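Here are some notes to read alongside the structure, written for someone meeting it for the first time. Keep the 3D view open and follow the points in order.

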Amino acid sequence: LLRLPAKYQELVPDNLSTLCDELLEDLISCHMNMPKLPPDGYNKLDKYLWQYRIKEVSALCGIVDGIAAALDSTPEQRLDDLKIVLDRIKSLAVEPQNSIPDIIIWMLVKGKRVACSRIPSHLIMYSDQSATKGRLCGKLQTIQMNPPSVNKEKELDGNKNSCLLQMILWLGF
């Protein structure tokens with residue numbers, strides 16, 4: 001299911017309809033005005049992203065209103081629609097203009113790069129405060145190494161999973 005707040009997780013098996021109604025009310029009530037751009041210190045990309053996010057938030061509010069107004073849909077259909085809204089909200093939260101590049105792990109065989117994995121740096125960023133720490137920082141995780149291109153895939157006889165690594169990663173001190 002969705003990654004739900006703790007107050008909703010206990011309700012999922014029994015009261016799915018009530019859960020959907022409460023989630024819809026929360027999403028509708030969370031609609032706030034986006035913060036204004038500062039008078040200076042932003043570039044063209046910042047302005048474009050701000051305008052894009054304003055449009056997306058308005059569109060999401062329309063979708064949520066539509067989900068709430070659809071009385072004939074089942075709770076399962078409404079929950080599926082809410083998952084789509086959640087995915088769109090997650091895509092809005094990613095900041096493409098990150099000052100720290102992603103971490104790339106390469107697997108070398110006889111000096112040739114045969115597999116790689118990319119880890120976004122914000123996921124393993126270390127901080128003393130748990131609220132600002134990356135969600136994968138200091139946790140054991142399994143990383144799947146994939147061929148870096150289509151040509152390498154053919155060289156590995158179609159084996160898409162060259163290897164799996166179990167690692168504990170953090171970025172910072």
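The points below go from the overall layout to the salt bridges, the strands and the surface patches.

1. **What you are looking at.** Please keep in mind that this is a predicted model. The protein chain has 173 residues, and 24% of them are buried. Its secondary structure amounts to five helices and four strands. Read from the N terminus, the order of elements is α-α-α-α-β-β-β-α-β.

2. **A salt bridge between two helices.** The structure contains two salt bridges. One of them brings together the side chains of glutamate 56 and arginine 88, with an N to O distance of 2.9 Å. Glutamate 56 belongs to helix α3 (residues 44-69) and arginine 88 to helix α4, so this pair ties together parts that are 32 residues apart in sequence. Are the two partners buried or exposed? Glutamate 56 has a relative accessible area of 15% and is buried, because the cut-off for buried is under 20%. Arginine 88, with 26%, is partly exposed.

3. **Another contact to look at on helix α4.** Leucine 86 also sits in helix α4, which covers residues 75-93. Its C-alpha atom is 9.6 Å from that of leucine 60, although their positions lie 26 residues apart along the chain. Leucine 86 has a relative accessible area of 24%, so it counts as partly exposed.

4. **The salt bridge at strand β2.** Arginine 118 and aspartate 102 also meet through their side chains in a salt bridge, at 3.5 Å from N to O. This pair links distant parts of the chain: arginine 118 is in strand β2, aspartate 102 is in the loop between α4 and β1, and they are 16 residues apart. Arginine 118 is exposed, at 56% relative accessibility. Aspartate 102 is partly exposed, with a relative accessible area of 33%. As background, side chains of opposite charge can pair when their charged atoms come close.

5. **The hairpin of β1 and β2.** These two strands pair in the antiparallel sense, over seven bridges. To find your way along the pairing, look for isoleucine 105, whose bridge partner in β2 is serine 117. The hairpin has two residues between the strands. Which residue to check here? Lysine 110, in the loop between β1 (103-109) and β2, has a positive phi of about 55 degrees although it is not a glycine. This deserves a look because most residues other than glycine have a negative phi. At 83% relative accessibility, lysine 110 is exposed.

6. **Strands β3 and β4.** This pair of strands runs antiparallel as well, joined by six bridges. Where do the side chains of β3 point? They alternate: Gln141, Ile143 and Met145 point to one face and are buried, whereas Leu140, Thr142 and Gln144 point to the other and are not. Leucine 140 stands opposite isoleucine 168 in β4. Leucine 140 is exposed, with 59% relative accessibility, while isoleucine 168 is partly exposed at 48%. Strand β4 itself covers residues 163-168.

7. **A nonpolar patch on the surface.** The facing residues of the previous point turn up again here. Tyr126, Leu140, Ile168 and Trp170 form a nonpolar surface patch, and together they have about 450 Å² of accessible area. One more distance helps to place isoleucine 168: its C-alpha atom is 5.4 Å from that of lysine 139, though the two are 29 residues apart in sequence.

8. **A patch of positive charge.** Lysine 139 leads on to the last point. Which residues make up the positive patch on the surface? Lys90, Lys133, Arg135 and Lys139 gather there. Lysine 133 lies in the loop between β2 (112-119) and β3 (140-145). Its relative accessible area is 33%, so lysine 133 counts as partly exposed.

How values were computed
Residues are numbered from 1 along each chain as its sequence is written. This is a predicted model: local features need pLDDT of at least 70, side-chain atom pairs count only at pLDDT 80 or more; totals for chains, interfaces and linings use all residues. Side-chain values use heavy atoms; hydrogens and water are left out. Patches are made of residues with over 30% relative accessible area and no salt bridge: like charges are joined within 9 Å, nonpolar side chains (Val, Leu, Ile, Met, Phe, Trp, Tyr) within 5 Å. Accessible areas come from the Shrake-Rupley method with a 1.4 Å probe; for residues, only the protein chains shown count as cover. A salt bridge is a side-chain nitrogen of Lys or Arg within 4 Å of a carboxyl oxygen of Asp or Glu. Lys and Arg count as positive and Asp and Glu as negative; His and the chain ends are not counted. The place of a charge is taken as NZ of Lys, CZ of Arg, CG of Asp or CD of Glu. Buried means under 20% relative accessible area, exposed over 50%, partly exposed in between (1.4 Å probe, protein chains only). Two strands pair if DSSP finds at least two bridges between them.
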